[in-house]
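Student: I have not read a model of this kind before, so could we work through it one question at a time, beginning with how far a side chain is covered?

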Amino acid sequence: MTYNNLWIETHAEIRKIVQTEDELQELKPERNRDVSFKHVSKLYIRYIIVYRNLDLCYDQVIHPQKRLLIRKLLEAVIGRILELKHEIVNLDLNEFTCLDDVLADLKITPDKIDIVIPSYMTKERFEEVEYWEEKMAEVKKKITRSTSDKEEKTMDRKEAILLLQRHERARQGRLRAKLMNDIRNQELAEKRAKTGEKAIGEVQAVIRIQRIWRGHLTRKNIRKQRQEELMFIGMSAPTDFPTVYQQKLEQISAFRRELQVEYEKHYQAALIDCKEEIHVTEGPDLTERMKDEIRQWFWKEKEEQGRFPEYPSDEEGGSNVIFNPEIADQYSEPETGRKKEEKKKEPEKGKKDKEGEIEEDEVGFRLQASDFFQTIKEADQEFEESEPARGKKILEYPRNPGIEKLEAFCFAAFGIWSERDEVNNPKQSVDRGILAIEKRKEVEEETRRLVDNIMRDELEILKAAVERDKGKKGKISKKRKKGKKGQKKGKKKKDKDLTPDRTTESLFEELVVNGIIKSYPKVNLADFLGDISFSGGQLRSGKASQKTEEDPCPGPSDIRRTVAEYCILPLLSQELRENTPNVKSVLFAGAEGCGKSMLLNAICTELKATLFDLTATNIVGKYPGKSGLNMLIHLVTKVGRLLQPSVIFLDQAEKTFVKKVSKTDKSDPKRLKKDLPKLVKSISTEDQVILIGNSRCPWECDQKGLTQTYQKILYLPKPDYSYRYSLWKQKITSVGGEIAYPHFDLSSLTKISEGWTSGAIVRSVNETLTEKRVLQQKFKKLKAGEFIIVLAKCEPIYKEEEDAFNSWYMKTPLGKKKTKLLEGDDDDKKDKAKKK
């Protein structure tokens, strides 16, 4: 009931969003970028909240028919979020969108817009992913066995002597400790004998234990009261639920997921049973009624026109057009008619009228048309609309009165999805009332096709009989009128398959043996700790007024959201990949320790993707020569499509396009210079494949080749104060450290660590908070100064390196657009030139 209510509330919010979008479409195009940015970002935030609710509903709702509608709506909302993201980037000219000021206007907390990666796609691919992981483990075992057989473990004389000395020192230490313990015991016994002290009695021992235990309880209560006081005045965050309740919630969620699988099997079985039952019970009666209606149509046309009509072909709709002439256009146009019309309309935007005036769409900003928005509308109507009404929109054949009464009674009892009374279905099992109506439409369509074939022959017989009556030798024509064939699609030139006779398993094994396909550590995107930038929106507005080129530093949550929208969400399904703005390649640029490799591993983990490593140092000496390189590219593209979603990775991406290779570099980094752009172009909208590159010095190469290969460039800057503060706090507490504010000065530690990357902070925490140090916290409080010792050993980001990154980023395509906008050479000058 909880998730059903959440679903209903989410649909109410969807209706409000749809109404807002319709109103924005009716408004005149907006010339002010800031106003347009506010409108689009508010829609974007509201869609993210709806997406989070739908994802939770789909994960926990067990009704199989409800889950179909939720799934349809969920994917449409994801597609709309991705479309709005690209529109926001075009308005703000920044890949990382800072939304703190918009969140404040909407009175929404930042955690509400953190994108959660849906797990339903990876669950559906569980068996496939498990199979290939086992295959990789088997191949690696073979490799380790072959290397272990060749290499025999030996120990030289020096290592053997050191090992013996180590064990001898340990033996002597144990003997010395035992001897000292015996001496202490003997001295204590002699002291008691001299003073006449007796051993502690049972009563005294009990009193001493009680005293120690009371002191422990008192100190524990005082610490608890102190923690409650800090929580009350807002100096400490409230603790989470006890582990018992968390485990119980996880068990209930897991149980509901098991029920989903079981109910889905029942639903698939019910689809077959229900259809067969309708075929047997209603099929013969439906066939006779259709024949009678079509015969009446024959003779009616004969009376009105003086001859029998031509029977519509299957391509034209058959007898369906006879009873529903208004749907004839659906069969005359192909399925993609709507999309083609929209594509035809798109070039017309911005053209001049006959009088030389410029259309409104060219002047300002307006939301672009979206197929996903139409799907959201249809899903919302399906949620509100009754099943009989939707069923009767397709077929209008005369029905059995008894069946109509049964349907009316069924939906009077059950209602529509939004207000359905499910008292009779407490277990949320398959609803056979809805299922029967859905299957009855399929049975009617199949029966109609069979009846059409019979009635065509009967019509030919009638025509032949009429001709004989007129005195002509009529013959039954065996030829049937065929519908118009669709135009042949142009043949697309296919690449030559260099491995036509090899199986996927053999190709996979070859790439694993050569180290091209690699395993990766399991890291979730949520492990990239941190919050949003709490001052980015204000800095952005100030930047616009002062005309400065520097962008506000994004927070970790902003980075997570952008990475999810470019690299993870579009690859979740084939439909999303085909209909969303296609991002084929992404470059992560930043200093060492900014989180580039962690983001790569998170992308692969969330997608359960296959990772191909084409780094120059990894492919050196493998597949030599031009033919070998062609084979390598062919294997990567072929296996990547077979095992999609796939991620192709390039570390030190700038070296591929470097102008002059160092003599000491033997890896031949320019080997993929010509083939890498071709590889990106070969990735079609149907391929769930993406190229990801990492770069520490992107300015050391030819910028034209770099920007042509990578469509999106994400610069990961050094962390600001809020980022470092949240990272220190979350990382210390996650390892097991306790931050006691009177003793631990977290603010000073955050200030001192300015200039260091997040990787240096994580390393400092991991090396400082060892297992031994975590246990010592009860007796020795943790202090901020302990982390500075390890932090000082790491290299910070110097100002020269930061300036080099900033100046390089302003030379990227997005940076150039921003420079032109700040100089006033963007929209205003174009409009003035066109008006002249």
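Student: What is the relative accessible area of Tyr721?
Tutor: This is a predicted model, in which local features need pLDDT of at least 70 and side-chain atom pairs 80 or more, while totals for chains, interfaces and linings use all residues. Residues are numbered from 1 along each chain as its sequence is written, and side-chain values use heavy atoms, without hydrogens or water. Buried means under 20% relative accessible area, exposed over 50% and partly exposed in between, with a 1.4 Å probe and protein chains only. Tyr721 falls in the partly exposed class, because its value is 37%.

Student: In which helix do Tyr721 and Tyr725 both lie?
Tutor: Helices (H or I, at least four residues) and strands (E, at least two) are DSSP runs, numbered from the N terminus. Tyr725 is partly exposed, at 26%. The two tyrosines stand four residues apart, about one turn of the helix, and the element that holds both, residues 721–735, is H27.

Student: How are the rings of Phe298 and Tyr311 arranged?
Tutor: Rings of Phe, Tyr and Trp (its six-membered ring) pair if their centres lie within 6.5 Å, and planes under 30 degrees apart count as stacked, over 60 as edge-to-face and the rest as tilted. A search of the whole structure finds 14 aromatic pairs. In this one the centres are 6.1 Å apart and the planes stand at 70 degrees, so the arrangement is edge-to-face.

Student: How many residues apart are Phe298 and Tyr311?
Tutor: Phe298 is buried, with a relative accessible area of 0%, and Tyr311 is buried as well, at 8%. Phe298 belongs to helix H9 (residues 243–305), whereas Tyr311 lies in the loop between H9 and helix H10 (319–323). The pair thus links distant parts of the chain, and the separation in residues is 13.

Student: And how are the rings of Tyr721 and Tyr725 arranged?
Tutor: Here the ring centres are 6.2 Å apart. The planes meet at 25 degrees, so this pair is stacked.

Student: Which residues of strand S4 make up the side opposite Ser646, Ile648 and Leu650?
Tutor: Strand S4 covers residues 646–650, and five of its five residues are buried. Both faces are therefore covered, since in a regular strand the side chains alternate between the two faces of the sheet. Ser646, Ile648 and Leu650 are on one side, and on the other are Val647 and Phe649.

Student: Which helix holds Asp59, the salt-bridge partner of Arg257?
Tutor: A salt bridge is a side-chain nitrogen of Lys or Arg within 4 Å of a carboxyl oxygen of Asp or Glu, and the whole structure has 38 of them. Arg257 and Asp59 meet at 2.9 Å, N to O. Arg257 is partly exposed at 29%, while Asp59 is buried at 16%. Arg257 is in helix H9, 198 residues away from its partner, and the helix that holds Asp59, residues 33–60, is H2.

Student: How far apart in sequence are the parts tied together by Glu458 and Arg295?
Tutor: The side chains of Glu458 and Arg295 meet in a salt bridge of 2.8 Å, N to O. Glu458 lies in helix H17 (residues 432–469) and Arg295 in helix H9, so the parts tied together are separated in sequence by 163 residues.

Student: Which residues do salt bridges that share partners join into one network?
Tutor: Such a network arises where salt bridges have partners in common. Its members are Lys275, Lys439, Glu442 and Glu446.
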